[in-house]
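The report that follows goes through selected residues, rings and packing in one protein chain. Please keep the sequence and the model open while reading.

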Amino acid sequence: MRKLLVSLLTLALVGCADTADQQAADAPAGEAVEAQAAPDVVGEEVAYEVDGVALTGYIAYDANRTGERPGVLVVHEWWGHNDYVRERARMLAEMGYTALALDMYGDGKQAEHPGDAQTFMMEVLNDMEAGAARFDAALALLQDHATTDPSAMAAIGYCFGGGVALDMARRGRDLDAVASFHGSLATESPAGMADITARLFVAHGADDPFVPPAEVEAFQAEMEAAGADLRFVAYPGAVHAFTNPVATAKGEEFGLPLAYNEAADQQSWAELEAFLDEVFGG
């Protein structure tokens, strides 16, 4: 199957090159085919509020791209809304999306110690109705942005954020695509048939001790029973937080099984790019 996909991709790339050559040949003399300008990523901090709680988000888009484009929410790790989640928003903007790194904790709170991170995370998980309201507010903010096509929405998340993104899919939020990177998979409210309308991509560390094989099996069985469109990829040798370059240092500092895995990071991001291209038509 992989060889077939590679072959089809090669043919597609050759076809695109032939089309571009033909367009150049057909253009009037002295008139070049206009090329897409290099991305000019603009990042803006945004403030919003839910039930009296002040929230701090970060929206990124390519100022050189014209017209509306799909929007992607980015949900942070248990560390909170930090530079890492903002960088992922900027990477999505370079790919042609408008991305909003949201704030699930309020006031842009960040944790430096796992104890604080656990406290912040559990405050949200113990009241997911309030958490869902914060997600919904960010979704509405992204849909209202001048560069965004409000009918084309996705959400991705990391660790805690991956679990949040999947929970929003289970709740039937109006999303076209949802992706989770080394996120939690367990739930106390499994999806029923046709609850999930979004297409799903899950990037999982095959050696992640926080998400054991039994949890993976239960999740896959849940998704099958719900009729979900799921692409699940497990990366051998990858543990928790494998996409975050500071994960290894954090793991060593606090004695946690966290580690960056460059190969899995790059491969999973390439998978995400292909997934979103597929969902939104490139």
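## Aspartate 83 and helix H2

Aspartate 83 is exposed, with a relative accessible area of 64%, in a model that is predicted. The residue belongs to helix H2. Its C-alpha lies 9.9 Å from that of tyrosine 58, and the two residues are 25 apart in sequence.

Arginine 88 is also placed in helix H2, which spans residues 83–94. Is arginine 88 buried or exposed? Its relative accessible area is 5%, and the cut-off for a buried residue is under 20%, so arginine 88 counts as buried. The side chain of arginine 88 makes a polar contact of 2.9 Å with the side chain of aspartate 265. Leaving out residues up to four places away in sequence, arginine 88 touches Val74, Tyr158, Thr243, Asp265 and Trp269.

## Aromatic pairs

How many aromatic pairs does the structure hold? There are 12 aromatic pairs. One of them joins tyrosine 105 and phenylalanine 120, with 5.5 Å from centre to centre and 55° between the planes, and is classed as tilted. Tyrosine 105 sits in the loop between strand S4 (98–101) and helix H3 (114–125), while phenylalanine 120 is in helix H3, so this pair ties together parts 15 residues apart in sequence. Tyrosine 105 and phenylalanine 120 are both buried.

Tyrosine 158 and phenylalanine 181 form a stacked pair, because their ring centres are 4.9 Å apart and their planes are at 15°; the cut-off for stacking is under 30 degrees. Tyrosine 158 lies in strand S5 (residues 148–158) and phenylalanine 181 in strand S6 (residues 177–181), so the pair links parts that are 23 residues apart in sequence. Tyrosine 158 is buried at a relative accessible area of 1%, and phenylalanine 181 is buried at 0%. Both rings belong to one aromatic cluster, formed by Tyr84, Tyr158, Phe181, Phe201, Trp269 and Phe275. Of these cluster members, Tyr158 and Trp269 are among the residues that arginine 88 touches.

## Tryptophan 79 and its surroundings

Which residue lies over the face of tryptophan 79? Lysine 250 does, at 4.5 Å from the ring centre.

Glutamine 118 and tryptophan 79 are 39 residues apart in sequence, but the distance from C-alpha to C-alpha is 8.6 Å. Glutamine 118 is located in helix H3. Its relative accessibility is 35%, so glutamine 118 counts as partly exposed.

## Nonpolar cores

The largest nonpolar core has 51 residues, and within it Leu73 and Phe135 touch the most other members. Neighbours within four places in sequence aside, leucine 73 is in contact with Leu100, Leu102, Phe135, Ala138, Leu139, Leu142, Ala154, Ala155 and Ile156. Another core, of 32 residues, lies apart from the largest one and has Ala60, Tyr84, Ala93 and Phe242 among its members.

## Helix H5

Helix H5 covers residues 160–170, and 11 of its 11 residues are buried. The buried residues include Asp167 and Arg170, as well as Gly161, Gly162 and Gly163. Glycine 172 follows H5 and has a positive phi, near 75°.

## Positive phi outside glycine

Alanine 194 is not a glycine, yet its phi is positive, at about 70°. The residue lies in the loop between S6 and strand S7 (199–205). With a relative accessible area of 56%, alanine 194 is exposed.

Alanine 241 likewise has a positive phi, near 65°, in a residue other than glycine. Alanine 241 is found in the loop between strand S8 (230–235) and helix H7 (247–254). Is this alanine buried or exposed? At 4% relative accessibility, alanine 241 counts as buried.

## The protein as a whole

The secondary structure consists of eight helices and eight strands. The protein has 282 residues, of which 47% count as buried. Its accessible surface comes to about 13,700 Å², and carbon and sulfur atoms account for 52% of that area. Among contacts between residues at least 6 apart in sequence, 68% join residues at least 24 apart.

Note on methods
Residues are numbered from 1 along each chain as its sequence is written. This is a predicted model: local features need pLDDT of at least 70, side-chain atom pairs count only at pLDDT 80 or more; totals for chains, interfaces and linings use all residues. Side-chain values use heavy atoms; hydrogens and water are left out. Buried means under 20% relative accessible area, exposed over 50%, partly exposed in between (1.4 Å probe, protein chains only). Helices (H or I, at least four residues) and strands (E, at least two) are DSSP runs, numbered from the N terminus. Contact means heavy atoms within 4.5 Å. Accessible areas come from the Shrake-Rupley method with a 1.4 Å probe; for residues, only the protein chains shown count as cover. A polar contact is a pair of N or O atoms within 3.5 Å; within protein, one must be able to donate a hydrogen and the other to accept it, and residues adjacent in sequence count only if both atoms are side-chain atoms. A nonpolar core is a set of buried Ala, Val, Leu, Ile, Met, Phe, Trp, Tyr and Cys residues joined through side-chain atoms within 4.5 Å. Rings of Phe, Tyr and Trp (its six-membered ring) pair if their centres lie within 6.5 Å; planes under 30 degrees apart count as stacked, over 60 as edge-to-face and the rest as tilted. A charge sits over a ring if NZ of Lys or CZ of Arg is within 6 Å of the ring centre and within 35 degrees of the ring normal.
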